[in-house]
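Reader: I would like to go through the labels used for this model. Please justify them one by one.

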Amino acid sequence: MPGLEDLYREIILDHYRNPRNAKELESPPALRAEGYNPLCGDEVVITLLVDEGRIQDIGIGGQGCSISRSSASLMTVSVKGKTLEEASAAIRSFKAMMSIHESSLAPAASQTETPTAAELAKMGELAALQGVVKFPVRIKCAVLAWNTLSECMAKATDAQP
Amino acid sequence: MAGLSDLRAGFDPATVKEDFTLLRNPHHDHPLVYLDSAASSQRPDSVLAAMDDYYCRSHANVHRGVYRLAEEATSLYEGARQKIGDFIGAPDPGREIIFTKNVTEALNLVAQSWGRANLRPGDAIVLTEIEHHANLVPWLMLASEIGFEIRYLRLGEDGELDLSRLEETVEGAKLVGVTMCSNVLGTLVPVSQIAQAAHAAGAVVVADGAQYVPHLPTDVSSLGADLMAFTGHKMLGPTGIGVLWGKAEILDAMPPFLGGGEMIKDVRLDGFIPNDLPWKFEAGTPPIAEAIGLGAAVDYLSGLGMAAIREHEITLLSYAMKKLEADHGDALVIHGPSRPERRGGVLSMQLDGVHAHDLSQVLDSRGVCVRAGHHCAKPLMRCLGLAATARASFYIYNDESDIDALSDALGEARSFFA
């Protein structure tokens, strides 16, 4: 049985206690999306300021457990300043780390592969959340903010002519 | 080890635990500390044996075959109905006990059958703010279709319902739906007081007994409600069996809910005649083994005595509230009535700075099982300003050692997240 230390890394506890970008940007001009986890009542509010295809600023509101809050905080640090394409790629790699593969057409083998050391190194602090995958019921906590960011970014794409 | 309190309660939880294979088995290297019986209880070996025995010796479909095996199955099934009816003091179990899948289905039956037959646009019904979604959503669904008003009795002080405006709230209402015990706060609701006001206003009263019937002596003849739902798996029985009790004259006047076999007397291509009570509401092959299992569960509970069970839970609640207060003080908030006598065996807790999910995770690492979340009562949680609580709930197999394990694990969670 995996131990608690696999789940609650120091980075996670730090981002839970001191969340980064914990704010709500004025909307409009910021885009806004809300995400809910109906099973546990976790809520996340994302406000996103996109200019010329790049995330200029991002705010996180709502409430939730240490996994959902720290994942949201780490996410803001990871995507701030990135282009929408880069952010989409970040969402895909994070979800892959959580064993969620977007494309059902992907070869079956790759769906069971765990990220390589090089891939984890590229994820930086986000790799601290890798232990969540050993606690299947908590995966939904970790991906809530990322799914909500996807929805928010879709609004940016929709808004473009 | 039996404490003085256990001897006073009339049974020893340690002995009770011996009757449950699951509780005897170790759980991830820890003794299992099961504190989630409000979500689903465990079941004693006698319940499993009764179901096994039925499948091994007496299984056939009920009310159909003209052979001895089918007669045995029918007699076991109808015997369970009688036993379960007697357990809640039903005057006429053979007509008034309807087997359903669970409480949710029983309450949907009431909404879809009684509700559709009796509610019109502009009518009003009354529910409470502390209802489980099972006694809320079926009415919201029907209201959006028919267009009747839903009024609410609100939460007042100390986890109790505010009944200061009871008479005017129920005035003109056609139905009053009320939980007998809050699954979040543990609040024991004064059903007979509410029913008296409801009946004076001409309303029918439906009670949700999910958290009450397993834990306190229940007598529907003095309860005041006209209909009451409860479920097997929260009272030592199997999953997949719930019960709707109702006064025969009310059930008689209600149209059928689900259609199919068993629920008819005659069918022609242009219509049908519904069966008598209770089969009118039991379409299709019923949960036979589950009814028999629930019958065995009721035997087990009656053997301990419901009054002794209630006394045991008050003792445990008192011990838990004192112990948790002493160990954790202001860091731990316990929601609901402050007096153990005013509550059922559930404790919804909030530990300062620790989310209910994280708390539940740390407790699990010590073998302590509690429920974390909104407990299917989102309007109540919103009213309390909470997204989630961790809920410990007790039953006959729990004792002081379980509370001690809970309190120690809470201490570990505090140091972990401090």
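Author: This is a predicted model. Start with a pair across the interface: B:Asp358 forms a salt bridge with A:Arg138.

Reader: Why is the pair B:Asp358 and A:Arg138 called a salt bridge?

Author: The closest N and O atoms of B:Asp358 and A:Arg138 are 2.8 Å apart. The cut-off is 4 Å, between a side-chain nitrogen of Lys or Arg and a carboxyl oxygen of Asp or Glu. The pair therefore qualifies. The count between chain B and chain A is 1 salt bridge.

Reader: How many residue pairs are in polar contact across the interface of chain B and chain A?

Author: The rule finds 5 such pairs, with both residues at pLDDT 80 or more. On the side of chain B that touches chain A, two elements give two or more residues each: α15 (356–364) and α17 (400–417) of chain B. The largest share, 5 residues, comes from α15(B). That side of chain B divides into 7 nonpolar, 8 polar and 3 charged residues.

Reader: What area is buried between chain B and chain A?

Author: About 1600 Å², with 57% from carbon and sulfur atoms. Of the area that chain B buries against chain A, B:His357, B:Gln361 and B:Phe416 supply 34%, more than any other three residues. The contact takes 18 residues from chain B and 20 residues from chain A.

Reader: Now to chain A. Why is A:Ser73 called buried?

Author: Its relative accessible area is 1%. Buried means under 20%. So A:Ser73 counts as buried.

Reader: Where is A:Ser73 found, and what does it touch?

Author: A:Ser73 is found in helix α3 (residues 66–79) of chain A. Leaving out residues up to four places away in sequence, A:Ser73 touches A:His15, A:Pro19 and A:Arg20.

Key: Residues numbered from 1 in each chain as written. Chains lettered and ligands numbered in written order. Predicted model: local features only at pLDDT ≥ 70, side-chain atom pairs only at ≥ 80, totals over all residues. Heavy atoms only, no water. Helix = DSSP H or I, 4+ residues; strand = E, 2+ residues; numbered from the N terminus. Buried < 20%, exposed > 50% of the residue type's maximum accessible area, 1.4 Å probe, protein only. Contact = heavy atoms within 4.5 Å. Buried area = accessible area lost by both parts, 1.4 Å probe. Polar contact = N/O pair within 3.5 Å; in protein donor to acceptor, adjacent residues only side chain to side chain. Nonpolar A, V, L, I, M, F, W, Y, C, P; charged D, E, K, R; others polar.
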